[in-house]
Amino acid sequence: MRLKGKKVVCLVEADFEDLELWYPVMRLREEGAEVLLAGPERGAVYKGKYGVPATADLSFDELDPEEFDGLLIPGGWAPDKLRRDPRVLRTVRSLHEAGKPIGQICHAGWVLISARILQGKRVTSTPGIRDDMENAGARWVDEPVVVDGNLVSSRRPPDLPVYAKTFCDLLALG
């Protein structure tokens, strides 16, 4: 249980990509990390694109970035909602400034774009938002997983095994 004592927050909102939320969450929990889901409202149930539910353990208002060792942002259509919430953007910037691991997959890159933390960073995402990532100043590459400092980025569900392992590895170093 190499991640015992580590605490990670995973952002949740309606229409998240089911596998991109649950696969990394389960992998982290298997490694001993405590993972909490944060959404707009504590206790609210958010459904993924394929109907898998996720209940928010805490609200964005209750989210204190100093309490967490890392952050996960799943893809799907949820990132387009998450990126509009100033509480989410403050959390992302705070964790980034602290150098804590931030994992994003697929469309989750939209949240990092809106947080304005991608300038000069080497990243990947779903190819559908490549232009958005590059316009935000990132150097986009088509690889299963990319690590640049504290950022771990990945493309889509088939990359989940290497993405989740890489995020766990980076979290274990801190």
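Is Cys 106 buried or exposed? In this predicted model, Cys 106 has a relative accessibility of 9%. The cut-off for buried is under 20%, so Cys 106 counts as buried. Cys 106 is found in the loop between strand E7 (102-105) and H4. Its backbone deserves a look as well. Phi of Cys 106 is near 65°, a positive value in a residue that is not glycine.

Arg 116 also has a positive phi, here about 60°, and Arg 116 is not a glycine either. Arg 116 sits in the loop between H4 and E8. Its surroundings are another matter: Arg 116 is exposed, with a relative accessible area of 72%.

Stay in that part of the chain and move to Lys 121. Lys 121 lies in the loop between helix H4 (109-115) and strand E8 (122-123). Lys 121 is buried, yet has no salt bridge. Which side chain of opposite charge is nearest to Lys 121? That is Asp 148, 4.0 Å away. Asp 148 is also among the contacts of Lys 121 beyond four places in sequence. The others are His 96, Gly 137, Ala 138, Arg 139 and Leu 151.

His 96 takes us into helix H3 (residues 86-97). With a relative accessibility of 18%, His 96 counts as buried. His 96 touches Lys 121 in turn. Residues up to four places away in sequence aside, His 96 also touches Ile 102, Ile 117, Asn 150 and Leu 151. Leu 151 thus appears in the contact lists of both Lys 121 and His 96.

Now turn to the start of the chain. Val 12 has its place in the loop between strand E1 (7-11) and H1. Val 12 is buried, and its relative accessible area is 1%. What does Val 12 contact, neighbours within four places in sequence aside? Leu 21, Leu 37, Ala 38, Gly 39 and Pro 40 are on the list, along with Tyr 46, Ala 54, Ala 56, Phe 60 and Leu 82. One C-alpha separation can be added. Val 12 and Asp 57 are 45 residues apart along the chain, and their C-alpha atoms are separated by 10.0 Å.

Next comes a pair of helices. Two packed helices are described by the angle between their axes and the distance between the axes. Helix H1 (residues 18-30) packs with helix H6 (residues 160-173) at an angle of about 45°. Their axes are 10 Å apart. Angles between 35 and 65 degrees count as oblique, and H1 and H6 are therefore oblique to each other. The crossing of H1 and H6 is right-handed.

Which residues meet where H1 and H6 pack? H1 supplies Leu 19, Glu 20, Tyr 23, Pro 24, Arg 27 and Leu 28. H6 supplies Leu 160, Pro 161, Tyr 163, Ala 164, Lys 165, Phe 167, Cys 168 and Leu 171. Two of these residues, Arg 27 and Lys 165, return in a network of salt bridges. The network links them with Arg 2, Glu 31 and Asp 169.

Within that network, look at Asp 169 and Arg 2. Asp 169 forms a salt bridge with Arg 2, and the closest N and O atoms are 2.6 Å apart. Asp 169 lies in helix H6 and Arg 2 in the segment before E1, so the pair ties together parts that are 167 residues apart in sequence. Asp 169 counts as partly exposed, at 25% relative accessibility. Arg 2 also counts as partly exposed, at 40%.

How many salt bridges does a search of the whole structure find? The search finds 14. Two further examples follow. Asp 80 forms a salt bridge with Arg 84, with the closest N and O atoms 2.7 Å apart. Asp 80 is partly exposed, at a relative accessible area of 27%. Arg 84 is exposed, at 61%.

The other example joins Asp 159 and Arg 155, whose side chains meet in a salt bridge of 2.8 Å, N to O. Asp 159 is buried, with a relative accessible area of 7%. Arg 155 is buried too, at 13%. Set this pair beside Lys 121, which is buried but has no salt bridge.

Terms used. Residues are numbered from 1 along each chain as its sequence is written. This is a predicted model: local features need pLDDT of at least 70, side-chain atom pairs count only at pLDDT 80 or more; totals for chains, interfaces and linings use all residues. Side-chain values use heavy atoms; hydrogens and water are left out. Helices (H or I, at least four residues) and strands (E, at least two) are DSSP runs, numbered from the N terminus. Buried means under 20% relative accessible area, exposed over 50%, partly exposed in between (1.4 Å probe, protein chains only). Lys and Arg count as positive and Asp and Glu as negative; His and the chain ends are not counted. Contact means heavy atoms within 4.5 Å. Axes are lines fitted to C-alpha atoms, for helices over the stretch in contact, and angles run from 0 to 180 degrees between N-to-C directions. Angles under 35 degrees count as roughly parallel, over 145 as roughly antiparallel, 65 to 115 as roughly perpendicular and the rest as oblique. A crossing is left-handed if the near helix is turned anticlockwise from the far one by less than a right angle, and right-handed if clockwise.
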